[in-house]
Amino acid sequence: MIDVVVIGGGPAGMSTALVVGRGKKNVVLIDENKPRNAVTKESHAFLTRDNIEPAVFKEKGRRDLLRYPTISIKDGRVLTIEKNEQELFELTTENREVFQAKNVVITTGLKETLPAVSGIENYYGTSLFSCPFCDGWEMKDKPLILIAESAQALHVTKLLKNWTDDLIVTTNGNSVFDANQKKALELNHIRLIEEEITELKGNNGELQSVTFKSGEEVERSGGFCTTTLDNKLPFIEQLGIEVNEAGYIIADMMGHTNIKEIYAAGEITGPSQLIVSASQGHMTGIGIIADSCEEAFQNI
């Protein structure tokens with residue numbers, strides 16, 4: 001029997017495992033090794049780790065974990081979680097490994113779908129990004145484009161205005177902005193192009209221009225895009241874990257969900273930056289240890 005199984009090996013999962021392992025609990029971290037930032041060359045705004053490569057960040061994190069005999073790491077994907085006759089959680093992976101644990105922490109993160117633009121994957125992570133707080137500094141004061149096909153369009157536009165005054169917004173043929181929002185873009189000297197994008201041009205991942213269905217080609221040095229995030233996991237429904245309207249797991253600041261001994265941290269509770277996910281994982285680890293101590297302590 002394992003004290004805690006952590007599902008997901010990103011910053012939230014590793015941070016949770018570190019705190020719980022240091023709390024003298026046996027922890028198994030199960031990692032599918034499919035991070036959302038796999039295409040990212042550098043991660044930013046993580047204090048003491050600014051500009052670090054995501055793969056290096058993960059390597060260093062794993063190295064920290066494996067210093068402790070209470071922590072082990074397994075590569076794999078969890079398919080099901082069920083309560084067994086001993087009232088323990090039984091986790092089965094796609095490799096047919098079975099783990100029994102008293103506590104489970106879900107830190108699986110999110111999967112994202114890029115806008116439907118041919119060739120966009122050639123630029124994403126190098127000169128096209130999704131988070132201004134992560135990559136805005138590197139793109140500051142450049143002629144940028146925002147490819148926005150969702151309701152997030154105006155919010156991201158407002159943010160990007162902080163990093164550049166030369167911004168074009170395109171909806172790639174979709175109707176995203178209402179009349180008042182279009183007027184607001186004009187007021188802020190932001191051009192809106194609602195035509196479909198037919199081609200992105202550039203070299204070695206560096207965007208140079210964007211061509212539209214009308215044949216117009218605009219020069220751009222990079223930009224941002226809104227992505228569709230998928231957080232659907234089969235065991236959320238299996239266990240009856242509560243989610244909010246957007247589909248993210250509802251958890252308090254200590255990682256508690258509505259199911260006792262099931263915790264959640266990181267982007268599965270809502271999109272966030274690297275350092276925020278790590279912080280949530282840390283607090284979840286504290287929550288698990290605090291709950292364990294409360295249960296073990298003999299009160300009068």
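## Two helices that cross

Helix α1 passes helix α7 in a right-handed crossing; that label applies when the near helix is turned clockwise from the far one by less than a right angle, and left-handed means anticlockwise. This is a predicted model, in which local features need pLDDT of at least 70 and side-chain atom pairs pLDDT 80 or more, while totals for chains, interfaces and linings use all residues. Residues are numbered from 1 along each chain, and side-chain values use heavy atoms, without hydrogens or water.

α1 covers residues 11-22 and α7 covers residues 274-296. Helices (H or I, at least four residues) and strands (E, at least two) are DSSP runs, numbered from the N terminus. How close do the axes of α1 and α7 come, and at what angle do they cross? They come within 7 Å and cross at roughly 30°, where axes are lines fitted to C-alpha atoms over the stretch in contact, and angles run from 0 to 180 degrees between N-to-C directions. The two helices are therefore roughly parallel (an angle under 35 degrees).

Which residues of α1 make the contact with α7? On the α1 side they are Pro-11, Ala-12, Ser-15, Thr-16, Val-19 and Val-20. Their partners in α7 include Leu-274, Ser-277, Ala-278, Gly-281 and His-282, and further along the helix Ile-286, Ile-288 and Ile-289 take part. Contact means heavy atoms within 4.5 Å.

## A second neighbour for α1

Now let us look at α1 and helix α2 (residues 54-65). Their axes come within 10 Å and cross at roughly 15°, which makes α1 roughly parallel to α2. Is this crossing left-handed or right-handed? α1 passes α2 in a left-handed crossing.

The α1 residues touching α2 are Pro-11, Met-14, Ala-17 and Leu-18. From α2 come Phe-57, Lys-58, Gly-61, Arg-62, Asp-64 and Leu-65. Pro-11 is worth finding in the structure: this residue takes part in the contact with α7 and in the contact with α2.

## Strands around β6

Strand β6 (residues 98-106) is joined to strand β1 (residues 2-7) by 5 bridges, and the two run parallel. Two strands pair if DSSP finds at least two bridges between them. Which residue of β6 is the bridge partner of Val-5? It is Val-104.

β6 also pairs with strand β5 (residues 89-93), in the antiparallel sense and over 4 bridges. Here Thr-92 has Val-98 of β6 as its bridge partner. The hairpin of β5 and β6 has 4 residues between the strands, and Arg-96 in this hairpin takes a positive phi near 70°. Another partner is strand β17 (residues 262-264), which runs parallel to β6 and is joined to it by 3 bridges. In this pairing, Val-105 is matched with Tyr-263 in β17.

## A parallel sheet with a helix on it

Follow the order β8-β15-β9-β10-β11 and you trace an open sheet of 5 strands with parallel pairing. Which strands are at the edges? They are β8 (128-129) and β11 (191-193), each of which pairs on one side only. Strand β10 (residues 167-170) runs parallel to β11, with 3 bridges between them. One place to look is Thr-170, which stands opposite Ile-193 in β11.

Helix α4 (residues 153-160) packs on this sheet. It touches β9 (144-147), β10 and β15 (222-225), and its direction makes about 160° with that of β9.

## An antiparallel sheet

A further open sheet has 3 strands in the order β12-β13-β14, with antiparallel pairing. At its edges are β12 (197-203) and β14 (217-219), and each pairs on one side only. On average, neighbouring strands here are turned by 25° against each other, direction ignored.

Strand β13 (residues 206-212) runs antiparallel to β14, and 3 bridges join them. Which residue of β14 is the bridge partner of Ser-209? Look for Glu-219.

Terms used
Parallel < 35°, antiparallel > 145°, perpendicular 65-115°, else oblique.
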